[in-house]
Amino acid sequence: MMLIEQGSVPQAALPISVLRDHLRLGSGFADDSFQDGLLESLLRAAMASIEGRTSKVLLARPFVLTLDDWRDAGGQALPVAPVNAVTSVTLYDIAGAAVAVAADRYRLVRDLHRPKLAPAGASLPAVPDGGRVEVVFEAGFGAAWAQVPPDLGQAVLLLAAEYYEMRHEAGLRQGAGLPLAVQVLIERWRTVRLLAGGAR
């Protein structure tokens, strides 16, 4: 299984000004935006950490999931949530020739924690021997930061603030895990996986 983001979060969607206020950085000066590049990189790092630990996509963007075969032809779990739409399902044979699967042969089962691709009939279309299947979908709570659940948004800000405070002390928190306040905020969003990538 391989999951790849097909697009990054636009800078305009990131809460850079919110983080600046959270850090109580000065404002009203000609060089207010001087640290915006740093704040952006810290926010992206914090988001990646929170998303990785919760399997929740905070800001909407497209993904492509590549599988050698379905784990369960009766319904394939998608590795992140929430999933808003399945854009396409494409089968590839061993030579790389592609065949698009008609949209009426599958459906999205929406779930805040365990979305899946389900067949419209008895089973999902068979993957060619030696081939693969690619599922393109959009996931995320929304395109704007205001659509991110408040506890997850706060977790990102707290973690980005910690990265900011520790930026000159590389490696100090290595192996220390997330701060306790961040762990508490994300706990209800974490998904226990019994079979990674399988029907959950």
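Hi everyone, let me start with one pair of residues: Arg61 has Ala139, in strand β8, as its bridge partner. Strands here are DSSP runs of E with at least two residues, helices are runs of H or I with at least four, and both are numbered from the N terminus. Two strands count as paired if DSSP finds at least two bridges between them.

Before I go on, a word on the model. It is a predicted one, where local features need pLDDT of at least 70 and side-chain atom pairs count only at pLDDT 80 or more, while totals for chains, interfaces and linings use all residues. Residues are numbered from 1 along each chain as its sequence is written, and side-chain values use heavy atoms, with hydrogens and water left out.

Now the overview. The chain contains four helices and eight strands. Going along the sequence, you meet them as β-α-α-β-β-β-β-β-β-β-α-α. Of the 200 residues in the chain, 43% are buried, where buried means under 20% relative accessible area, exposed means over 50%, and partly exposed lies in between, using a 1.4 Å probe and protein chains only.

Back to our opening pair. β2 and β8 run antiparallel to each other and share seven bridges. They belong to an open sheet of five strands, ordered β1-β2-β8-β4-β5, with antiparallel pairing. The edges are β1 (2-5) and β5 (98-100); each has a single partner strand, so one side of each is left without a neighbour in the sheet. From one strand to the next, the twist averages 25°; the angles behind such values run from 0 to 180 degrees between N-to-C directions, with axes fitted as lines to C-alpha atoms, for helices over the stretch in contact.

Let's walk across this sheet. β1 pairs with strand β2 (residues 61-67) in the antiparallel sense, over four bridges. Here Glu5 has Phe63 in β2 as its bridge partner. Then comes strand β8 (residues 132-139), and that one is mostly covered, with six of its eight residues buried. On to strand β4 (residues 83-92), which pairs with β8 in the antiparallel sense over eight bridges. In that pairing, Tyr92 stands opposite Arg132 in β8.

While we are in β4, have a look at Thr90, which sits in that strand. Is Thr90 buried or exposed? Its relative accessibility is 15%, so Thr90 counts as buried. And which residues does Thr90 touch, leaving aside those up to four places away in sequence? They are Ala98, Val99, Ala100, Arg132, Val133 and Glu134, with contact meaning heavy atoms within 4.5 Å.

Next, the other sheet. This open sheet has three strands in the order β3-β7-β6, again with antiparallel pairing. β3 (76-77) and β6 (106-109) stand at the edges with a single partner strand each, so each has one side without a neighbour in the sheet. A hairpin of six residues takes you from β6 to β7. β6 and strand β7 (residues 116-119) pair in the antiparallel sense through four bridges. Within this pair, Arg107 faces Ala118 in β7, and Val109 stands opposite Lys116.

Two values for the chain to finish. Taking contacts between residues at least 6 apart in sequence, 77% join residues at least 24 apart. The chain's accessible surface is about 10600 Å², and 53% of that belongs to carbon and sulfur atoms; the area comes from the Shrake-Rupley method with a 1.4 Å probe, and for residues only the protein chains shown count as cover.

Thanks for listening!
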